[in-house]
Amino acid sequence: MVTDPIADLLTRIRNAQMAGHRIVEIPASNLKKRITEILYAQGYILKYKFEDNNKQGFIKIALKYDPVSKQPAIKSLERISRPGLRQYSKPDEIKRVINGLGIAIISTSKGVITDKQAKELNVGGEVLCTIS
């Protein structure tokens, strides 16, 4: 049993990129599915596929690399709010990631959204992670 599923997701992606893998499989949950959709919409991953096996299911993520330098599209994945220390932000206190070049994923009352969407909707929430 994993105590922090979001950290597990980020670590699996980070490890797959360091090993140069093209595809990574992650056990599915609704929160992980939403984070994957955000990563795809923001252009950090190539594509994804949700597969159901009558139990939990899993997510297949195709990682994105630069065709010339072979560097991964995701430079850093950082878990902000942890089970032992939750981090919450009000809409006006949400910090920009690398001056707006990266994103923060926030769990709000409107669902799991990016930091830019949270500012537009004027909602705060738990800052799950940052990606750049």
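1. In which sense do strand S5 (residues 88-89) and S8 pair, and over how many bridges? The sense is antiparallel, and there are two bridges. One residue pair shows where to look: tyrosine 88 has glutamate 126 in S8 as its bridge partner. Keep in mind throughout that this is a predicted model.

2. Stay with S8. It covers residues 125-131. Seven of its seven residues are buried, so the strand is mostly covered; buried here means under 20% relative accessible area.

3. S8 has further pairings to trace. Strand S4 (residues 77-79) pairs with S8 over three bridges, in the antiparallel sense. Find arginine 79, then look across to S8: cysteine 129 stands opposite.

4. Now turn to S6. Six bridges join S6 to S8, and the two run antiparallel. Cysteine 129 appears again here, as the bridge partner in S8 of isoleucine 105. As a reminder for reading such pairs, strands of a sheet pair through backbone hydrogen bonds, either parallel or antiparallel.

5. Follow the chain from S6 to a loop. Strand S6 spans 103-108 and strand S7 spans 111-114, with serine 109 in the loop between them. Is serine 109 buried or exposed? Serine 109 counts as exposed because its relative accessibility is 70%, and the cut-off for exposed is over 50%. Compare its place with that of asparagine 54, which is 55 residues away along the chain. The C-alpha atoms of these two residues are separated by 29 Å.

6. Next comes the sheet made of S1, S2 and S3. What is the order of its three strands? The order is S1-S3-S2, in an open sheet with antiparallel pairing. Strand S1 (23-27) and strand S2 (45-51) are the edge strands, each pairing on one side only. On average, neighbouring strands of this sheet are turned by 20° against each other, direction ignored.

7. Look at one pairing inside this sheet. S2 and strand S3 (residues 58-63) are antiparallel and share six bridges. Within S3, isoleucine 59 is the residue opposite phenylalanine 50.

8. Two helices pack on this sheet. Helix H1 (residues 5-19) touches S1 and S3, and its direction makes about 160° with that of S1. Helix H2 (residues 30-41) touches S1, S2 and S3. The direction of H2 makes about 155° with that of S2.

Conventions: Residues are numbered from 1 along each chain as its sequence is written. This is a predicted model: local features need pLDDT of at least 70, side-chain atom pairs count only at pLDDT 80 or more; totals for chains, interfaces and linings use all residues. Side-chain values use heavy atoms; hydrogens and water are left out. Helices (H or I, at least four residues) and strands (E, at least two) are DSSP runs, numbered from the N terminus. Buried means under 20% relative accessible area, exposed over 50%, partly exposed in between (1.4 Å probe, protein chains only). Two strands pair if DSSP finds at least two bridges between them. Axes are lines fitted to C-alpha atoms, for helices over the stretch in contact, and angles run from 0 to 180 degrees between N-to-C directions. Contact means heavy atoms within 4.5 Å.
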